[in-house]
Amino acid sequence: MGNSSSAPTSTPPTPAKTEEKKPSLQKVGIKSGKKICCCCPETKQARDACILANGEDDIDCKKLIELHKECLRSEGFTVK
């Protein structure tokens, strides 16, 4: 029976987390109501096939990439 001078340690209170508002990213197309991965399947398929066969830098593939981006924009998505 010793004289123990250890006091229980308490954890310091954590500061209240302030919820940061991130800009809302659109998850579904305005026109079709589909997710971006499911919109424009025709242009997506042509783009993907071209890139696999010829690479991203191929001039025809670049045109298909732009066509797919235009299609996504027409659905209401913001695409760079």
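Me: How many helices and strands does the protein have?
Reply: In this predicted model, the secondary structure of the protein includes no strands. What the protein does have is 2 helices and 0 strands.

Me: Which cysteine forms a disulfide with cysteine 40?
Reply: The bond of cysteine 40 is left-handed, with -95 degrees about the S-S bond. It links distant parts of the chain, since cysteine 40 lies in the segment before helix 1 (41-54) and its partner in helix 2 (residues 59-74), 31 residues apart. Cysteine 40 is buried at 7% relative accessible area, and its sulfur is 1.9 Å from that of its partner, cysteine 71.

Me: Is cysteine 71 buried or partly exposed?
Reply: A residue counts as buried under 20% relative accessible area and as exposed over 50%, with partly exposed in between. Cysteine 71 has 22% relative accessibility, so it counts as partly exposed.

Me: What is the handedness of the disulfide of cysteine 50 and cysteine 61?
Reply: The sulfur atoms of cysteine 50 and cysteine 61 are 2.0 Å apart in this disulfide, and both cysteines are buried. Because the torsion about their S-S bond is about -95 degrees, the disulfide is left-handed.

Me: Why does cysteine 39 form no bond with the closest cysteine sulfur?
Reply: Cysteine 39 is buried, with a relative accessible area of 2%. A disulfide requires sulfur atoms within 2.5 Å, whereas the closest cysteine sulfur to that of cysteine 39, in cysteine 40, is too far for a bond, at 5.6 Å.

Conventions. Residues are numbered from 1 along each chain as its sequence is written. This is a predicted model: local features need pLDDT of at least 70, side-chain atom pairs count only at pLDDT 80 or more; totals for chains, interfaces and linings use all residues. Side-chain values use heavy atoms; hydrogens and water are left out. Helices (H or I, at least four residues) and strands (E, at least two) are DSSP runs, numbered from the N terminus. Buried means under 20% relative accessible area, exposed over 50%, partly exposed in between (1.4 Å probe, protein chains only).
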